Amino acid sequence: MRDLHGLVAAERVARLATVDPDSRPHLVPIVFALVGDTIYSAVDAKPKRSRTLQRIENARARPDVTVLVDHYEDDWTQLWWVRLRGRARVLDSGEEAARALTALAAKYEQYRETAPGLPVLAVDIVEWRGWSAAEP
């Protein structure tokens, strides 16, 4: 299959699955930056009920998460997806959080205009799985 790292890094949106306190899946779209084998996502200024997000609290309590990055086109020969399983860490401060915010701002113009805040969710990828319609 094509370079999974390159495909994931170039995409703009992913879906993050965590597990809530009742053991139910919690799935949300995220913007992210891929640095090495770690995905970073931050709490941004878009309107929310609270800056204490369920995905962050879920990750603190149950760090096994899955991220799905996929690409759709009406030309179905261009379809692909990559599923990333990993261990989440919540960065409330520190140099790694600062580097993650810099990487996010480099990828998203919106974050250069209005910087996201803390915490940053870091997902250390332990498994990469993918599929592409372009390859058998």
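**Q&A on a predicted model**

Reader: Is S23 buried or exposed in this predicted model?
Author: The cut-off for exposed is over 50% relative accessible area. S23 has a relative accessible area of 60%, so the residue counts as exposed.

Reader: Where does S23 sit, and what is its phi?
Author: Look in the loop between β1 (14–19) and β2 (25–30), where S23 is found. S23 is a residue other than glycine, yet its phi is positive, near 65°.

Reader: Where's the cis peptide bond, and what is its omega?
Author: Head over to strand β7, the place of P119. The cis bond joins L118 and P119, with omega at about 5°.

Reader: Does the end-to-end distance of α3 agree or disagree with its expected span, and what is that distance?
Author: Helix α3 covers residues 95–107, so 13 residues at 1.5 Å a residue should span 18 Å. That agrees with the distance between its end C-alpha atoms, which is 19 Å.

Reader: Which elements do the buried residues of α3 pack against?
Author: The buried residues in α3 are A97, A100, L101, A103, L104, A105 and K107. They pack against α1 (4–10), β3 (33–35), β4 (38–43), β6 (80–91), α4 (109–113) and β7 (117–132).

Reader: Which residues is I39 in contact with, leaving aside its neighbours within four places in sequence?
Author: I39 belongs to the largest nonpolar core, which has 39 residues. Along with F32, V69, L84, V120 and L121, I39 touches the most other members. Leaving aside those sequence neighbours, the contacts of I39 are F32, A33, L34, V67, L84, L121, A122, V123 and I125.

Methods:
Residues are numbered from 1 along each chain as its sequence is written. This is a predicted model: local features need pLDDT of at least 70, side-chain atom pairs count only at pLDDT 80 or more; totals for chains, interfaces and linings use all residues. Side-chain values use heavy atoms; hydrogens and water are left out. A nonpolar core is a set of buried Ala, Val, Leu, Ile, Met, Phe, Trp, Tyr and Cys residues joined through side-chain atoms within 4.5 Å. Buried means under 20% relative accessible area, exposed over 50%, partly exposed in between (1.4 Å probe, protein chains only). Contact means heavy atoms within 4.5 Å. Helices (H or I, at least four residues) and strands (E, at least two) are DSSP runs, numbered from the N terminus. The expected span of a helix is 1.5 Å times one less than its number of residues.
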